[in-house]
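Biologist: I have the sequence and the coordinates open. Could you take me through them, beginning with the fold of one chain?

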4 protein chains.
Amino acid sequence: MSKTRLEAFSDGVFAIVATLLVLEIHVPQLPHGHGAGELTAALLALAPKVAIWAASFAFASVYWVNHHQFIAALASVDRPVLFTNAIFLMALSFLPFPTALLGEYPRAVPALTTFGMSMAGIGAVFFVLRSVAGRRGLLAPVPAHVRRAANLRGAAGPILYLAGAAAGFASPVLAWAVFLGVPVLYVGSSAADRHAIRAVS
Amino acid sequence: MSKTRLEAFSDGVFAIVATLLVLEIHVPQLPHGHGAGELTAALLALAPKVAIWAASFAFASVYWVNHHQFIAALASVDRPVLFTNAIFLMALSFLPFPTALLGEYPRAVPALTTFGMSMAGIGAVFFVLRSVAGRRGLLAPVPAHVRRAANLRGAAGPILYLAGAAAGFASPVLAWAVFLGVPVLYVGSSAADRHAIRAVS
Amino acid sequence: MSKTRLEAFSDGVFAIVATLLVLEIHVPQLPHGHGAGELTAALLALAPKVAIWAASFAFASVYWVNHHQFIAALASVDRPVLFTNAIFLMALSFLPFPTALLGEYPRAVPALTTFGMSMAGIGAVFFVLRSVAGRRGLLAPVPAHVRRAANLRGAAGPILYLAGAAAGFASPVLAWAVFLGVPVLYVGSSAADRHAIRAVS
Amino acid sequence: MSKTRLEAFSDGVFAIVATLLVLEIHVPQLPHGHGAGELTAALLALAPKVAIWAASFAFASVYWVNHHQFIAALASVDRPVLFTNAIFLMALSFLPFPTALLGEYPRAVPALTTFGMSMAGIGAVFFVLRSVAGRRGLLAPVPAHVRRAANLRGAAGPILYLAGAAAGFASPVLAWAVFLGVPVLYVGSSAADRHAIRAVS
């Protein structure tokens with residue numbers, strides 16, 4: 001299995017998952033004879049679905065960049081990496097479900113928990129994927145402080161999403177703040193240590 | 001991040017978005033014992049959905065060609081370009097929603113407004129994407145008159161779609177004329193200045 | 001626009017369209033307390049949907065091979081070819097709709113007509129695509145008898161599908177025989193003149 | 001038809017099928033005024049759908065790896081291989097239907113039978129695909145014991161799934177054990193004889 005094929009296949013799953021997300025924003029069904037005001041109200045009521053769609057798309061974009069950097073740093077592909085990557089893609093392809101669920105029930109604790117845990121799960125599998133490759137000596141060696149920074153960032157995502165899921169029990173608004181904020185945080189932090197990353201990959 | 005990967009990923013999103021559009025044209029559900037006349041009538045009633053599907057597919061095709069020319073003129077990819085492109089793909093992947101909405105409510109002002117603003121938004125993000133790359137010196141230098149023509153064309157789309165959205169308040173038919181006409185216009189105008197473009201890319 | 005990109009994008013649309021077709025075969029919804037016999041009956045009632053799904057998948061496969069041979073014979077891509085190809089992809093991406101329609105209303109004349117005309121339309125646009133490329137001198141020159149055979153085969157598909165659509169007015173069974181038979185015929189005939197094709201492409 | 005195009009197209013179908021599977025896990029629709037307990041119960045009731053989604057995703061991943069090894073061992077592509085591969089992709093693209101069906105009716109014999117037979121069918125077509133390529137001399141020669149092992153593994157899948165389908169008449173739990181267990185078995189066994197495979201491909 002060449003790196004090129006693995007990356008092309010993974011990219012396909014990323015592109016499809018990200019693009020499918022919008023299908024969960026359904027066109028409102030109004031009875032005949034509705035007025036413009038009712039349709040406008042129905043569209044405004046879609047705001048949570050649009051917000052969580054954007055957050056999930058951003059999440060997928062961030063992991064797409066991370067996954068690309070991971071593959072770029074990979075010396076070769078062996079079976080454990082191949083199968084861990086398959087489990088990562090499986091977890092990633094689950095994304096439309098928690099996104100649709102939270103869009104449908106934006107204040108419900110079970111929906112907030114499912115969403116937070118799903119995102120944490122995807123991030124955790126990616127963390128495991130990098131660890132598997134690292135322990136098998138397939139990743140280019142990097143200075144200890146760079147590896148620590150990368151590990152920290154890789155662990156921060158899942159921990160924050162779990163914190164968001166937990167926050168949902170106290171306040172849905174707080175959970176939403178976490179879910180919408182983490183992708184933004186990632187983009188910002190990745191901009192901060194891009195020099196370190198460039199040095200690695 | 002190589003140009004090749006960025007383009008392959010973007011192409012994937014373009015292909016998926018364009019192909020998903022047809023899923024919003026649902027098969028009519030008629031009660032048992034319907035006659036051929038009722039099914040024919042139900043199919044003819046799908047005309048607005050088919051028309052707007054075609055317009056959105058043409059829109060995606062035009063931007064696919066534009067995006068390809070943009071990538072071809074790009075010297076390299078940096079993080080701001082990468083993330084602006086991700087925002088562009090996010091906006092693009094939203095396309096099925098306004099298309100389905102306008103197909104469902106072809107005369108409703110909120111649907112016309114949502115459609116026009118969505119299309120304008122996609123075009124505007126693409127304009128920003130080119131500006132970001134240009135300001136960062138990543139685009140091959142072109143004669144001033146070529147750049148002005150490209151800027152004009154890039155701005156014309158969003159402005160026309162906003163005009164179409166505004167026209168919807170006065171006349172849905174006028175808005176539809178704009179929405180169906182802009183892709184045709186783009187194809188025509190791009191044929192007109194292909195020499196200039198060829199000189200650039 | 002390189003041939004490679006055009007082909008990769010077209011392949012993406014082919015793969016997505018072909019794979020989406022199955023989504024139109026919905027799982028039967030039975031009331032609670034149903035027996036195995038009712039579910040079996042509901043599954044057997046899906047036979048027309050499965051049959052037309054297979055025929056449409058085969059249709060897409062045949063045109064995928066034809067499209068590949070067309071691109072292989074193409075010297076370069078210009079704008080008319082690019083936009084005619086976009087129209088072909090638009091027509092192709094419509095495939096799930098007539099497939100779902102005929103699966104839902106297997107005996108209804110409007111469904112048979114829509115299906116036959118859609119398939120004829122896709123084939124006709126492909127015929128136009130090859131003609132456009134040929135008239136612009138972009139196709140490798142071939143002996144006259146090979147070109148005539150290719151033209152005949154390219155025209156036969158649309159004509160047969162139109163005949164199938166027309167047959168639907170007299171007998172749905174006859175129309176179905178045509179719709180299920182044409183892809184098989186294509187595979188057979190393409191096996192027959194593969195030597196001629198190999199000589200060309 | 002080059003191996004590269006055939007593989008890219010096949011990979012596209014694999015990625016799309018695998019990613020579409022999750023769309024069959026629908027968000028529960030609860031009446032307004034539901035409590036967190038009802039939503040939690042509705043989510044827990046999705047367990048069979050999630051389990052069979054995971055099993056089908058794993059199945060697609062295993063065959064993706066197998067298909068890649070097959071293409072790697074292929075000397076060239078001729079028409080019989082091309083069309084048998086198209087039939088394999090058609091069978092593969094059917095995967096979302098039996099997955100959704102069994103998720104909806106996890107205890108119903110017709111659903112268990114349809115699922116087992118569909119999986120067996122996909123595996124059987126893949127077996128035929130390898131046989132067709134082998135008989136036409138397109139596969140690199142391998143030692144007899146390696147070929148026998150590969151044949152055994154290729155036949156084991158379909159036979160196990162048919163056994164699972166048959167077991168469904170006696171005990172749905174037993175059938176589920178087979179359906180969830182076979183992908184795990186495949187991953188394990190492929191790890192066992194990876195040396196043999198590496199020697200071949």
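Modeller: Certainly; please note that this is a predicted model. Chain A has nine helices and zero strands. Its pattern along the sequence is α-α-α-α-α-α-α-α-α.

Biologist: What box do the C-alpha atoms of chain A fill?

Modeller: Along the principal axes, the C-alpha atoms of chain A occupy a box of roughly 65 × 35 × 30 Å.

Biologist: And how much of chain A is buried?

Modeller: Of the 201 residues in chain A, 55% are buried. Turning to contacts in chain A with a separation of 6 or more, 82% of them are between residues 24 or more positions apart.

Biologist: Let us take α1(A). Is it enclosed or open?

Modeller: Helix α1(A) is largely enclosed by the rest of the structure, because 14 of its 18 residues are buried.

Biologist: What span should its 18 residues have?

Modeller: At 1.5 Å a residue, α1(A) should span 26 Å, and its end C-alpha atoms are 26 Å apart, so the two values agree.

Biologist: How do α1 and α4 of chain A cross?

Modeller: Helix α1 (residues 3-20) and helix α4 (residues 79-93) of chain A cross at roughly 10 degrees, and their axes come within 10 Å. That angle makes α1(A) roughly parallel to α4(A). On the α1(A) side the contact involves A:L6, A:F9, A:S10, A:V13, A:F14 and A:V17, and on the α4(A) side A:L82, A:N85, A:F88, A:L89, A:L92 and A:S93.

Biologist: Over to chain B, then. At what angle do α1 and α3 pack there?

Modeller: In chain B, helix α1 (residues 3-20) packs on helix α3 (residues 47-73) at about 175 degrees, and the axes are 10 Å apart. The two helices, α1(B) and α3(B), are therefore roughly antiparallel.

Biologist: Which residues meet in that pair?

Modeller: From α1(B) they are B:K3, B:L6, B:E7, B:S10, B:D11, B:F14 and B:A18. Their partners in α3(B) are B:F57, B:A60, B:Y63, B:W64, B:H67, B:H68, B:I71 and B:A72.

Biologist: Next, α7 of chain D. What length is expected for it?

Modeller: Helix α7 (residues 144-170) of chain D has 27 residues, which at 1.5 Å each should span 39 Å; the end C-alpha atoms are 39 Å apart, so expectation and model agree.

Biologist: Where is the kink in α7(D)?

Modeller: The kink, of about 25 degrees, is at D:A156, shortly before the proline D:P158. D:P158 itself is buried, and the buried residues of α7(D) also include D:R153, D:G157 and D:Y161.

Biologist: Now the assembly. What relates chain C to chain D?

Modeller: A turn of 90 degrees with a shift of 0.0 Å along the axis lays chain C on chain D, with an RMSD of 0.0 Å. This is the relation of a four-fold axis. A rotation of 90 degrees also superposes chain B on chain A, again with 0.0 Å of shift along its axis and an RMSD of 0.0 Å.

Biologist: Why do you say that the copies B and A meet through different surfaces?

Modeller: Because only 7% of the interface residues of chain B are also interface residues in chain A. For chain C and chain D the figure is only 6%, so those copies also meet through different surfaces.

Biologist: Which contacts join chain A and chain C?

Modeller: No contact joins them, and their closest C-alpha atoms lie 10 Å apart. Chain B and chain D likewise have no contact, with closest C-alpha atoms 10 Å apart.

Technical notes
Residues are numbered from 1 along each chain as its sequence is written. Chains are lettered from A and ligands numbered from 1 in the order in which they are written. This is a predicted model: local features need pLDDT of at least 70, side-chain atom pairs count only at pLDDT 80 or more; totals for chains, interfaces and linings use all residues. Side-chain values use heavy atoms; hydrogens and water are left out. Copies are superposed by least squares on the C-alpha atoms of residues with pLDDT of at least 70 in both. Contact means heavy atoms within 4.5 Å. Helices (H or I, at least four residues) and strands (E, at least two) are DSSP runs, numbered from the N terminus. The expected span of a helix is 1.5 Å times one less than its number of residues. The bend at a residue is the angle between axes fitted to the seven residues ending there and the seven starting there. Buried means under 20% relative accessible area, exposed over 50%, partly exposed in between (1.4 Å probe, protein chains only). Axes are lines fitted to C-alpha atoms, for helices over the stretch in contact, and angles run from 0 to 180 degrees between N-to-C directions. Angles under 35 degrees count as roughly parallel, over 145 as roughly antiparallel, 65 to 115 as roughly perpendicular and the rest as oblique.
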